[in-house]
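Thanks for making time this morning. I would like to walk you through one protein model, starting with its charged pairs and then stepping back to the whole chain.

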Amino acid sequence: MKQPYVFITRRIPEDIITPLKAEGRVSMWEKEETPVPYERLEEEIKKADAVFCNVSDPIDAALLEKAERLKVIATMAVGYNNIDIQAAAERNIQVAHTPGVLTETTADLTFALLMAAARRIPEGIEVIKNNEWGAWAPFFLTGRDIHHARLGIIGMGRIGEAVAKRATGFDMDIVYHNRSRKPETEEAVGAVYVEMEELLETSDFVCVQTPYTKETHHLMNREAFQKMKSTAVFVNTSRGPIVDETALYEALKEGDIQAAGLDVFENEPVRSNHPLLTLPNVTALPHIGSASEDTRRKMAEMTVGHILQGLRGEDVAHKVEM
Ligand code: DGY
């Protein structure tokens, strides 16, 4: 019987992929920070039994049409908006992702970003590095208080709840909006369900934790930003296209809101000439929400496990359902 063939779209440490090598032939795009070109993906998908991918690989319908023997696509991420789930399902290809394992790490980063944007930490770092620190001044780099402020969470899934849990330590007043109410979360962290409008109008911090779908495309648009408090801080560690970036730029420039903390962008990677990066009140990070050494290893190991399950004809443990 022909040995299964696995293609890995980014360099992953050898010890993590050893179990795959015991199961079949493995080929890996050797670069760590450059995505595999689409043309190479097209070649690989024709012969692969399994693909180990990540958030920056467009696994679209046109690509999947070329698959001849593909059984499983395992993404090293919780979000899977880069994969055409319907096209995969039509070809009986299982899709697996990595929920749970990155929740706490992503919530940590979300809170760090919230605090950095509120207390103007990147601006302070710039001042000191550029020798611009004059003297202690009464209103120099004053930001927003986090403690006792109202946090509005859009999307109360695992990560939303973990962010809320952190907020309780700061005595924040937590409100949320979600497709359905979460009584257990309400009980656990004291969060109160509100309509989107109320969340936007009353929150001091608005934090997006919802997955990217057709319905959430540009959910945060001009109208939404205009509803927010002029002192509010907006944080997004979910997916870039949930935000209309032109609207966010205008809101920040015109003072409709105070500041933003962004770990994700509509078209990644962004460069320094991106309009949002030219604003002092934007704290920007390069999509590193889940990037702790331990969590990334766990995500990669989980992805390897999903591929082994798929190759053996088993149901993958964390299957993305249509
Ligand atoms: C995810 O898992 O979806 C993140 O965006 C990448 O860690």
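Arg222 is partly exposed, with a relative accessible area of 35%, and in this predicted model the side chain of Arg222 meets that of Glu250 in a salt bridge, at 2.5 Å from N to O. That pair links distant parts of the chain, since Arg222 belongs to helix H10, residues 222–227, and Glu250 to helix H11, residues 245–253, with the two positions 28 residues apart in sequence. Glu250 is also partly exposed, at a relative accessible area of 26%.

Salt bridges that share partners also build one network, which joins Glu104, Asp108, Lys165 and Arg166. Within it, let me pick out the bridge between the side chains of Lys165 and Glu104, at 3.4 Å from N to O; here too the pair connects distant parts of the chain, Lys165 sitting in helix H7, residues 158–168, and Glu104 in helix H5, residues 103–118, which puts them 61 residues apart. Lys165 is partly exposed at 45% relative accessible area, and Glu104 is likewise partly exposed, at 37%.

Is the glutamate at position 186 buried or exposed? Glu186 counts as buried, because its relative accessibility is 16% and the cut-off for buried is under 20%. Its salt bridge is with Arg181, and the closest N and O atoms of that pair are 2.9 Å apart. In total, the structure holds 20 salt bridges.

Let me turn from charged residues to a glycine. Gly261 lies in strand E11, residues 259–262, and is buried, with a relative accessible area of 0%. Leaving aside residues up to four places away in sequence, Gly261 touches Leu113, Ala117, Phe234, Val235, Asn236 and Thr283. Gly261 and Ala116 are 145 residues apart in sequence, yet their C-alpha atoms are 7.6 Å apart in space.

Finally, the chain as a whole. The protein has 12 helices and 12 strands, and its radius of gyration is 21 Å, close to the 20 Å that the globule rule gives for 322 residues, so the protein is as compact as a globular protein of that length. Buried residues make up 49% of the 322, and, among contacts between residues at least 6 apart in sequence, 59% join residues at least 24 apart. The protein exposes about 16000 Å², of which carbon and sulfur atoms supply 49%. As for charge, there are 36 positive and 50 negative charges, and the mean positions of these two sets are 4 Å apart.

Conventions. Residues are numbered from 1 along each chain as its sequence is written. This is a predicted model: local features need pLDDT of at least 70, side-chain atom pairs count only at pLDDT 80 or more; totals for chains, interfaces and linings use all residues. Side-chain values use heavy atoms; hydrogens and water are left out. Helices (H or I, at least four residues) and strands (E, at least two) are DSSP runs, numbered from the N terminus. The radius of gyration is taken over C-alpha atoms; the globule rule is 2.2 Å times the number of residues to the power 0.38. Buried means under 20% relative accessible area, exposed over 50%, partly exposed in between (1.4 Å probe, protein chains only). Contact means heavy atoms within 4.5 Å. Accessible areas come from the Shrake-Rupley method with a 1.4 Å probe; for residues, only the protein chains shown count as cover. Lys and Arg count as positive and Asp and Glu as negative; His and the chain ends are not counted. The place of a charge is taken as NZ of Lys, CZ of Arg, CG of Asp or CD of Glu. A salt bridge is a side-chain nitrogen of Lys or Arg within 4 Å of a carboxyl oxygen of Asp or Glu.
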